[in-house]
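Reader: I have a two-chain model open and would like to learn how to read it. Could you take me through it feature by feature?

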Amino acid sequence: MTLAREHTSPPVPMTDEQKFFFDLRGRPDVFVLCDEVTAKEPEPVELNFTCLGSLSRCGDSQFQSTTATNRLFIHSQSTDELDWSTRTFHDVPVGYACPPSHRLTL
Amino acid sequence: MSLSDTPAHRLIVSRSSPKCEGRFLTALAARSLGGELPVIESLSTLDGGLGVRIRKQNEEVIVLLWEAANEPTAVEGVATDARIAVVRRSGGVVMGAAMLEGTQLAVDAEDLLFADTPAMVGGVRLDGTWRMLP
């Protein structure tokens, strides 16, 4: 018999940025994310946002995902010029070129 | 409901040119379909940094992000040497502010936050009086 802790990795400590925004709790209506990316070789780094509702552009640097009752606004910027694209995944076939999306359904 | 009935919609934000390092600043706002929308704008006046302004009715939040702690820089009335700064105004009055890795932060020439060494410091205005938080 093994103990639960043997299967549990130590918690990853929060970065200073995470602590900073965590301490700003109490204003949860807008979330701000800071992503700093370092690659071994030059590459077109990208962020992926997987949403429940269909995506449409709604202004400069801004998209919205719309479901039957809610909307999620995504405003993203970088120190470099950005390109934008969208994809819709249904059943993801094995060997699909893009990483599949994994969804927790409650 | 099967998984195939609920497709996932993916937004891919990629930089136009390949580089080894990059920073992104993203604001996410969730609302009901009838809910009032915040106005989210990039602050393009930052030199080497990123900034976003979020406005809703008479409330405004400004988030500023630099690669590293810097010489005091003024953007949108916020002057700070911090790496990250957040300022919230209500009706034009600063109601809260916070900075990370900074020693000073002033808004509209009013000194609000200070520290002897670069630190995470915040403050709020309560009953009209500005108070730094321990």
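Author: Sure, we'll go through confidence, layout, sheets, the chain contact, the core and two odd backbone angles.

Author: First, the ground rules. Residues are numbered from 1 along each chain as its sequence is written, while chains are lettered from A and ligands numbered from 1 in the order in which they are written. This is a predicted model, so local features need pLDDT of at least 70 and side-chain atom pairs count only at pLDDT 80 or more, whereas totals for chains, interfaces and linings use all residues.

Reader: Where is confidence lowest in chain A, and where is it highest?

Author: pLDDT is the predictor's confidence in each residue, from 0 to 100. Where pLDDT is low, the predicted coordinates should not be read in detail. Chain A averages 72, and 62% of its residues score at least 70. Confidence is lowest in helix α1 (residues 16-22) of chain A, with a mean of 69, and highest in β5(A), at 89. Over residues 1-7 of chain A the pLDDT is below 50, and beyond near neighbours in sequence that stretch has one contact in the model. A contact here is a pair of residues whose C-beta atoms, placed from the backbone, lie within 7 Å.

Reader: Which helices and strands does chain A have?

Author: Helices (H or I, at least four residues) and strands (E, at least two) are DSSP runs, numbered from the N terminus. Chain A has one helix and six strands, in the sequence pattern α-β-β-β-β-β-β.

Reader: How should I read the sheets, and what is the strand order in the one with five strands?

Author: Strands of a sheet pair through backbone hydrogen bonds, either parallel or antiparallel. The working rule is that two strands pair if DSSP finds at least two bridges between them. Here the five-strand sheet is open, with antiparallel pairing and the order β1(A)-β2(B)-β5(A)-β4(A)-β3(A). Its edges are β1 (30-43) and β3 (54-57) of chain A, each pairing on one side only. For one junction between the chains, look at β5 (residues 70-78) of chain A, which runs antiparallel to β2 (residues 19-32) of chain B and is joined to it by nine bridges. In that region A:His75 stands opposite B:Ala27 in β2(B).

Reader: And which strands form the open sheet of three?

Author: That one has the order β2(A)-β1(B)-β6(A), with antiparallel pairing. β2 and β6 of chain A are at the edges with a single partner strand each, so one side of each is left without a neighbour in the sheet. Eight bridges link β6(A) to β1 (residues 8-15) of chain B in the antiparallel sense. To find the register, use A:Thr86, opposite B:Leu11 in β1(B), and A:Phe89, whose bridge partner in β1(B) is B:Ala8.

Reader: How many residues of each chain are in contact with the other?

Author: 58 residues of chain A are in contact with 42 residues of chain B. The largest share of chain A's side, 13 residues, comes from β1(A). That side divides into 23 nonpolar, 20 polar and 15 charged residues. In this sorting, Ala, Val, Leu, Ile, Met, Phe, Trp, Tyr, Cys and Pro count as nonpolar, Asp, Glu, Lys and Arg as charged, and the others, Gly among them, as polar.

Reader: Which residues in the largest nonpolar core touch the most other members?

Author: In soluble globular proteins, nonpolar side chains tend to be buried together. A residue is buried if 20 or more other C-beta atoms lie within 10 Å of its own, exposed if 12 or fewer, and partly exposed in between, with C-beta atoms placed from the backbone. A nonpolar core is a set of buried Ala, Val, Leu, Ile, Met, Phe, Trp, Tyr and Cys residues joined through C-beta atoms within 7 Å. The largest one has 38 residues, and B:Val63, B:Leu64, B:Ala85, B:Val87, B:Ala97 and B:Met99 touch the most other members. β9(B) gives the most to this core, with seven residues. Leaving aside neighbours within four places in sequence, the contacts of B:Ala85 include B:Leu64, B:Val78 and B:Met99. As for chain A, 14% of its 106 residues count as buried.

Reader: Which residue has a positive phi of about 55 degrees although it is not a glycine?

Author: Most residues other than glycine have a negative phi, and most peptide bonds are trans. B:Glu76 is the residue with the value of about 55 degrees, and it is found in the loop between β6 (73-75) and β7 (78-80) of chain B. B:Glu76 is partly exposed, with 17 other C-beta atoms within 10 Å. B:Ala109 also has a positive phi, near 70 degrees, in the loop between β9 and β10 of chain B. With 8 C-beta neighbours inside 10 Å, B:Ala109 counts as exposed.

Note on methods
Two residues are in contact if their C-beta atoms, placed from the backbone, lie within 7 Å.
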